Amino acid sequence: MRLLRFTGFSLLEYLRSGRVAIEIIAALLIYAIFLRRPMDVTYFFNVVGIFTPLLTLYTMAIVISLGDRPQGYVVVSRGIGRATFLLGLFFTAWTLVAGTYGLISVIVALFNPPTELDLLNWLLGTLPLLLNIGLLAALMLLLSPLVLPTGWRLFILSLIALAFSGNFIGGQLLNALPEAVRALLRALQALLGGPLVPAFYGFQLAVTRDYSSATALANLFAQASLLISLLGLAIYAFARRDLIFSTQ
Amino acid sequence: MTAVIDIANLYKAYGDVSVLQGLNLRVGAGESFGLLGPNGAGKSTLIHLMLGFLRPDRGQIALLGTTRLEQIRLRVGYLPERQRYHMAYSAREYLRFLGSFSGLTGAAMHERVDRELALVGLTEVADRRLATFSKGMLQRLGIAQALLMDPDLLLIDEPTSGLDPTGQREVIDLLNEVRQRNHTLFLCTHYMHEIDQLCDRVGIMANGRIAVERKVADLQGIVNSVRIKVQGMTAQVQEALHTLGPGIHCEGQSVRISQNSPRLQAAVLRTLLDANVVILMLEPLENPIERLYLETIQATKLPSGLHTSLGMFNNSQRPILTRTPPEKVASPERQGERDPLLHELLQTGKTEDK
């Protein structure tokens, strides 16, 4: 209940501050630029599947900055505790992005409904999409200065960079490396890339909405598990560090 | 007396910078304790440690009889130093949200919010956005939020910081009203007059510890130096005053008494009144708390290896000097070591290593 109240408190502040205009304008622009043409459901989910992560980056950054202010001391000193404070910030950002996605969906449904779009199709595409929004928001929360000290953030970012390194270390560069290093790099890429698979497959699932195999359901489960793990890590780290809000 | 705050051997450092070095403190139920210290002495750090925002490196904090600070969060009210609140809300909305975070609901919450708004005199502006509030109003809101759960312990950080004289007066008056509710008050401040008006006991922080503690009442006796502003004082009266003692100096229409005593002060006043001199004002030229503060800070700036511990855990008015490293003088037993010779040296400002 306190989590709901704190999320409502943060949301209402965000709305009243006028910052939500950015999300609304972004939604209108996305519709005007990409979604006014004749389209099918796949195209719709391709567009929103790219737009929502970008919006998550922006919204989560703003929500984290709102959480990382001296105003937070009075809130945390009450009965809500650190975990509720952190989860409240997460759900605030998630609700804002999901709400913006909902707004786009309503506009599209009213003014330019794609062929084959019905409620079931929309829900099947929306579910992995919302989980991906949550995953990205949770990762940003974990990597925020509020939660992790600089050293740990750099370490995790380097792991993520290593996981993605297959995209920019290849061909001649890869061949120039000693065999042992190449083997180690591949092993690390496979190991560290593992947690990224549910996110990428989630995007694919949103676009295809193909739930005919068990893999689809397993992926939803993996997305949810990864989301809970990231939030758990963030809460764990936040609970153990000195709470020093930014004074900027 | 039951200790509401019981802190033992507390250490806290930010990286290489040690802020608290073996701090000990006990504050009893219903007591009002004021903590003075220079900027960066660790006063706010101490409050943040008590609130569980920071983790101690060593030592123990027990509040209201427990070291599990998260369990007594609702019994502790906190007034932060800076008046930074969520400005998008009205005072009433804000307090209701904060109340709901603490588990208040329904009519009980509305009643408490209205009661605290009335106490701090914000009822009429309760539905105005905080963004339109003055600093003084925000500080009163801060007091209201701190009192919302009717806490047993109030932690107050620099309550009049950044306020104009009117705002300062209002906040001090308000906190004096709050004192009548029998909360235990812990107050950090730079201002001696706040200690004078709000506290039963004062502690002065230096070198990461509370170097000296005194009862404020003990410091509120006659001051050492006063000035009496008068009208109609003649040369004859001045001569008569000079005969009363060497510590009397007449400067125009004012009389300064240094090395004051109740008897000397009474004699001066009697002489003035007998001569039909109009007494306009009698003002202290020093604040005993300020003097204690300055002496303590001065005394703790001794060469390394020589540390002062002025009267901690005893009611002695005599400073105690120990040669023990700071991390080893934390326990009250050790701080009881006394050295009259070093005390003498301290008083005269000589600090050679004898």
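Student: In what order do the six strands of the open sheet in chain B stand, and how are they paired?

Tutor: Good place to begin, and keep in mind that this is a predicted model. To read a sheet, list its strands by their position side by side, then look at the directions of neighbours. Here the order is 5-6-7-3-8-9, and the pairing is mixed.

Student: Which strands stand at the edges of that sheet?

Tutor: Look for strands with a single partner. In this sheet they are strand 5 (76-79) and strand 9 (209-215) of chain B, so each has one side without a neighbour in the sheet. From one strand to the next, the twist averages 15 degrees.

Student: How many bridges join strand 6 of chain B to strand 7 of chain B?

Tutor: Bridges tell you which residues face each other across two strands. Strand 6 (residues 153-157) and strand 7 (residues 184-189) of chain B run parallel and are joined by five bridges. To follow one yourself, start at B:D157, whose bridge partner in strand 7 is B:C188.

Student: Which helices lie across strands of this sheet?

Tutor: For each helix, check which strands it covers and at what angle it runs. Helix 1 (residues 43-50) of chain B lies across strand 3 (32-36), strand 6, strand 7 and strand 8 (201-206), at about 150 degrees to strand 6. Helix 10 (residues 288-299) of chain B lies across strand 3, strand 8 and strand 9, and runs at about 25 degrees to strand 8.

Student: What is the strand order in the open sheet of four strands?

Tutor: Read that sheet in the same manner. Its order in chain B is 11-12-10-13, with antiparallel pairing. Strand 11 (248-251) and strand 13 (278-284) of chain B have a single partner each, so one side of each lacks a neighbour in the sheet. The twist here averages 20 degrees between one strand and the next. Strand 10 (residues 226-231) pairs with strand 13 of chain B over six bridges, and B:V230 has B:I279 as its bridge partner in strand 13.

Student: Which strands does helix 9 of chain B lie across?

Tutor: Helix 9 (residues 262-274) of chain B lies across strand 10, strand 11, strand 12 (254-257) and strand 13, running at about 165 degrees to strand 12.

Student: Where are B:E158 and B:N182, and is each buried or exposed?

Tutor: Backbone angles and neighbour counts are worth reading together. B:E158 has a positive phi of about 45 degrees although it is not a glycine, and its place is in the loop between strand 6 and helix 5 (165-179) of chain B. B:E158 is buried, with 20 other C-beta atoms within 10 Å. B:N182, also not a glycine, has a positive phi of about 70 degrees. B:N182 sits in the loop between helix 5 and strand 7 of chain B and is exposed, with 10 other C-beta atoms within 10 Å.

Student: How many residues does each chain bring to the contact?

Tutor: Take each side of an interface separately. Chain B brings 21 residues and chain A brings 20 residues. On the side of chain B that touches chain A, helix 2 (residues 91-101) gives the most, with four residues. By class, that side of chain B has eleven nonpolar, five polar and five charged residues.

Student: Which residues of chain A does the UniProt annotation "transmembrane region" cover?

Tutor: The unreviewed UniProt entry lists several stretches, including residues 20-37 and 183-203 of chain A. Compare such a record with the model: residues 20-37 of chain A are 83% helix and 0% strand, with end C-alpha atoms 26 Å apart.

Methods
Residues numbered from 1 in each chain as written. Chains lettered and ligands numbered in written order. Predicted model: local features only at pLDDT ≥ 70, side-chain atom pairs only at ≥ 80, totals over all residues. Contact = placed C-beta atoms within 7 Å. Nonpolar A, V, L, I, M, F, W, Y, C, P; charged D, E, K, R; others polar. Pairing = 2+ DSSP bridges. Axes fitted to C-alpha atoms, helices over the stretch in contact; angles between N-to-C directions. UniProt positions renumbered as here; feature names shortened; annotations may be inferred. Buried ≥ 20, exposed ≤ 12 C-beta atoms within 10 Å, placed from the backbone.
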